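Student: Hi! Could you walk me through a structure I've just opened?
Tutor: Happy to, let's have a look.

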Amino acid sequence: QVQLAESGGGSVPVGGSLKLSCAVSGVTYGNNCMAWFRQIPGQEREALAGIFTGGGTPYYADSVKGRFTLSQDNSKNTVHLQMNGLKPEDTAMYYCASRPPARCSDNWYEARLVYSWGQGTQVTVSS
């Protein structure tokens, strides 16, 4: 069973940076479609960035392109989300997600395809 453990959330001022990490276990790391989502209470979960862990470039939602960077450390079975230029509207619970690799580039953002979610890590940006 896939297990995902996020870390790195916290409180930062506007314009600050945070780096989230997601440690992956219980699955062959190099054959997954991994993604980061966030959710504000009362709103739907929003897809931010995704990657096929077997190689290739990350995919980004327009809302975070240029500010957020997804990377991975294959030696540690970990994906990261570097977040720069944070804004108050980035305040949310951030989740790591894993799903089968098929067509990752086409539908990495589809929450309905996710089979495992992390517990979430809170990010708060204060003005």
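Tutor: We'll go through the strands, and then what sits in the core. Keep in mind that this is a predicted model.

Student: Okay, in what order do the strands of the open sheet with β1 come?
Tutor: That open sheet has 4 strands, and they run β1-β3-β8-β7. Their pairing is antiparallel.

Student: Which strands stand at the edges?
Tutor: Those are β1, residues 3-7, and β7, residues 68-73. Each has a single partner strand, so one side of each is left without a neighbour in the sheet. As for the twist, it averages 20 degrees from one strand to the next.

Student: What holds strands together in a sheet, in general?
Tutor: Strands pair through backbone hydrogen bonds, in either a parallel or an antiparallel way.

Student: And how many bridges join β7 to β8?
Tutor: There are 6 bridges between them, and β8 covers residues 78-83. If you want a pair to look for, find leucine 70, which has leucine 81 of β8 opposite.

Student: New topic: the core. Which residues have the most contacts inside the largest nonpolar one?
Tutor: Leu81, Met83 and Tyr94 do, in a core of 35 residues. You've just met Leu81 as the residue opposite leucine 70.

Student: Which element gives the largest share of that core?
Tutor: That's β4, with 5 residues. Other elements that give two or more residues include β3 (18-25), β5 (46-52) and β9 (92-99).

Student: What does tyrosine 94 touch?
Tutor: Leaving out residues up to four places away in sequence, its contacts include Leu20, Phe37, Leu48, Phe68, Leu81, Met83 and Val123. Among the others are Glu6 and Arg38.

Student: Let's talk about β9 then. How many of its residues are buried?
Tutor: 7 of the 8 are buried, so I'd call β9 mostly covered, taking buried to mean under 20% relative accessible area.

Student: Which strands does β9 pair with, and over how many bridges?
Tutor: β9 pairs with β4 over 7 bridges, with β11 over 3, and with β10, residues 116-117, over 2. The pairing with β4 is antiparallel, and so are those with β11 and β10.

Student: Can you give me some pairs to find on screen?
Tutor: Sure! For β4, look for cysteine 33 opposite arginine 99 of β9. For β11, methionine 93 has glutamine 122 as its bridge partner. For β10, alanine 97 stands opposite tryptophan 117.

Conventions: Residues numbered from 1 in each chain as written. Predicted model: local features only at pLDDT ≥ 70, side-chain atom pairs only at ≥ 80, totals over all residues. Heavy atoms only, no water. Pairing = 2+ DSSP bridges. Axes fitted to C-alpha atoms, helices over the stretch in contact; angles between N-to-C directions. Core = buried A, V, L, I, M, F, W, Y, C linked by side-chain atoms within 4.5 Å. Buried < 20%, exposed > 50% of the residue type's maximum accessible area, 1.4 Å probe, protein only. Contact = heavy atoms within 4.5 Å.
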